[in-house]
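Trainee: Before I use these labels at the bench, I want to know what stands behind them. Can we take them one by one?

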Amino acid sequence: MKAIVCEQYGPPSHLRLKEIANLNPKEGEVLVAVKACGVNFPDTLIIQGLYQFKPELPFTPGSDIAGIVKAVGPGVTHVKPGDAVFGFVVNGGFAEEVLVPASACFPKPPQMDFPVAASFMMAYGTSYHALKDRGLLAKGETLLVLGASGGVGLAAVELGKLMGAKVIAAASSTDKLELCKAYGADEVLNYSKENVKERIKELTGGKGVDVVYDPVGGDYSEAALRGMNWEGRYLVVGFAAGNIPKIPLNLPLLKGCSIVGVFWGSFAMKMPKRNMENTMQLMQWYAAGRLKPHLHAVYSLAETPKALEEMMNRKVMGKVVIGV
């Protein structure tokens, strides 16, 4: 089968489309013929050796998959060969076939096409886990989303509004903020032009925000933390800006607020039952037309390096998908 292979850490241009050995499912695994695989910011870090873990070289990146079941291993009963599914893997998704843990493989709703299914799991799974389980976002609270036009950010805007919060979307351009408004943002903040702390104060009448959703890191994290309400929750989701901010620990003390880590991938693996409950809720909302993933573009498997470069250069609004 064909797969994108990372043989050495580096930029997307180092990736190669190669023929590799076919896969066979073991106990608790599902072999899926990939129809689409979502591109996520962690993919750009993993291929450079900059992520929280480093897969052993060579490896195939890609996590968010959708496709058709080819075979199942012993003990797998909820899906069978021929079923359309979507799921999550640690890596291996940018390929014609992938092995998916049974606990992370779900039947695809008939009304959800493969590109949408492949753009759904990580973005909405991460954001719902963050807001519901880690941020304890309550109706009537104010949510600030940094990097709000990206895959997880836009999902957080949409979910925050659905959960009854007032949503402030922060991004770096007018076009990105217009998309956020279309996805339910009540207010917007252009952090390439505006002072983050002062704009938060203005938009909240001096009260501050109750929850910050931060997949960006970098220069705006401390300013957002300074704009928090008493007993707020600051959600650390990722570091798309490339550098991990060093936060003065007197700030959470003075604000009486919490800094909370969000690692959806580990949550999904360690607590599959709770993740399944979250996934079923997201599926219900999707089926009811209340969640609408935004697809920026679909690239071919051979174009995976180009898609990753688009992600790294922050040209993507919503999700980019690899079609196989």
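Mentor: We go through ring pairs, charges, cores and cysteines in this predicted model.

Trainee: Start with the rings. How many aromatic pairs are there in the whole structure?

Mentor: The search finds eight.

Trainee: Why is the pair of Tyr-128 and Trp-285 called edge-to-face?

Mentor: The ring centres are 5.3 Å apart, and pairing needs them within 6.5 Å. The planes of Tyr-128 and Trp-285 stand at 75°. Edge-to-face begins over 60 degrees, so the label holds.

Trainee: What makes this a link between distant parts of the chain?

Mentor: Tyr-128 sits in helix H3, residues 121–134. Trp-285 sits in helix H10, residues 272–287. The two are 157 residues apart.

Trainee: How do you know whether Tyr-128 is buried or exposed?

Mentor: Its relative accessibility is 7%. Buried means under 20%, so Tyr-128 counts as buried. Trp-285, at 14%, falls under that cut-off and is buried too.

Trainee: Why is the pair of Tyr-191 and Tyr-220 called stacked?

Mentor: Look at the angle: the planes of Tyr-191 and Tyr-220 are at 20°. Stacked means under 30 degrees, so the pair qualifies. The ring centres lie 4.3 Å apart.

Trainee: What does the stacked pair tie together?

Mentor: Two loops. Tyr-191 lies in the loop between strand E10 (187–190) and helix H6 (196–203). Tyr-220 lies in the loop between strand E11 (209–214) and helix H7 (221–226). The parts are 29 residues apart in sequence.

Trainee: Which accessibility labels do Tyr-191 and Tyr-220 get?

Mentor: Tyr-191 has 11%, under the 20% limit, so it is buried. Tyr-220 has 28%, between 20% and 50%, so it counts as partly exposed.

Trainee: Which residues do ring pairs link into a cluster?

Mentor: Phe-120, Tyr-124 and Tyr-286.

Trainee: Now charges over rings. What makes Lys-54 count as lying over the face of Tyr-9?

Mentor: Lys-54 is 5.9 Å from the ring centre, and the limit is 6 Å. The charge must also lie within 35 degrees of the ring normal. Lys-108 likewise lies over the face of Phe-114, at 4.9 Å from the ring centre.

Trainee: On to salt bridges. How many does the structure hold?

Mentor: Twelve.

Trainee: Why is Asp-186 with Lys-161 called a salt bridge?

Mentor: Their closest N and O atoms are 2.6 Å apart. The cut-off is 4 Å, so the pair counts. Asp-186 lies in the loop between helix H5 (174–182) and E10. Lys-161 lies in helix H4, residues 151–162. The bridge ties together parts that are 25 residues apart in sequence. Asp-186 has 34% relative accessible area and Lys-161 has 36%. Both values sit between 20% and 50%, so each residue is partly exposed.

Trainee: Which partners does Arg-199 bridge to, Glu-194 and Glu-202?

Mentor: Arg-199 forms a salt bridge with Glu-194 at 3.3 Å. It forms another with Glu-202 at 2.9 Å. Each distance is within 4 Å, so each passes. Arg-199 and Glu-202 both lie in helix H6, three residues apart, about one turn of the helix.

Trainee: How do you know that Glu-202 is exposed?

Mentor: Its relative accessible area is 57%, and exposed means over 50%, so the label follows. Arg-199, at 16%, is buried. Glu-194, at 31%, counts as partly exposed.

Trainee: Which residues are linked in a network of salt bridges?

Mentor: Lys-132, Asp-133 and Arg-274.

Trainee: Which residues touch the most other members of the largest nonpolar core?

Mentor: Leu-143, Tyr-213 and Leu-235, out of 53 residues. The largest share of this core, seven residues, comes from H3. Apart from it lies another core of 33 residues, including Val-69 and Tyr-299.

Trainee: Last topic, cysteines. How many disulfides are counted?

Mentor: Zero.

Trainee: Why is Cys-105 not bonded to Cys-37?

Mentor: The sulfur of Cys-105 is 13 Å from that of Cys-37, the closest cysteine sulfur. A disulfide needs 2.5 Å or less, so the gap is too far for a bond. Cys-105 has 0% relative accessible area, so it is buried. Cys-180 is buried at 0% as well.

Definitions and conventions
Residues are numbered from 1 along each chain as its sequence is written. This is a predicted model: local features need pLDDT of at least 70, side-chain atom pairs count only at pLDDT 80 or more; totals for chains, interfaces and linings use all residues. Side-chain values use heavy atoms; hydrogens and water are left out. Rings of Phe, Tyr and Trp (its six-membered ring) pair if their centres lie within 6.5 Å; planes under 30 degrees apart count as stacked, over 60 as edge-to-face and the rest as tilted. Helices (H or I, at least four residues) and strands (E, at least two) are DSSP runs, numbered from the N terminus. Buried means under 20% relative accessible area, exposed over 50%, partly exposed in between (1.4 Å probe, protein chains only). A nonpolar core is a set of buried Ala, Val, Leu, Ile, Met, Phe, Trp, Tyr and Cys residues joined through side-chain atoms within 4.5 Å. A salt bridge is a side-chain nitrogen of Lys or Arg within 4 Å of a carboxyl oxygen of Asp or Glu.
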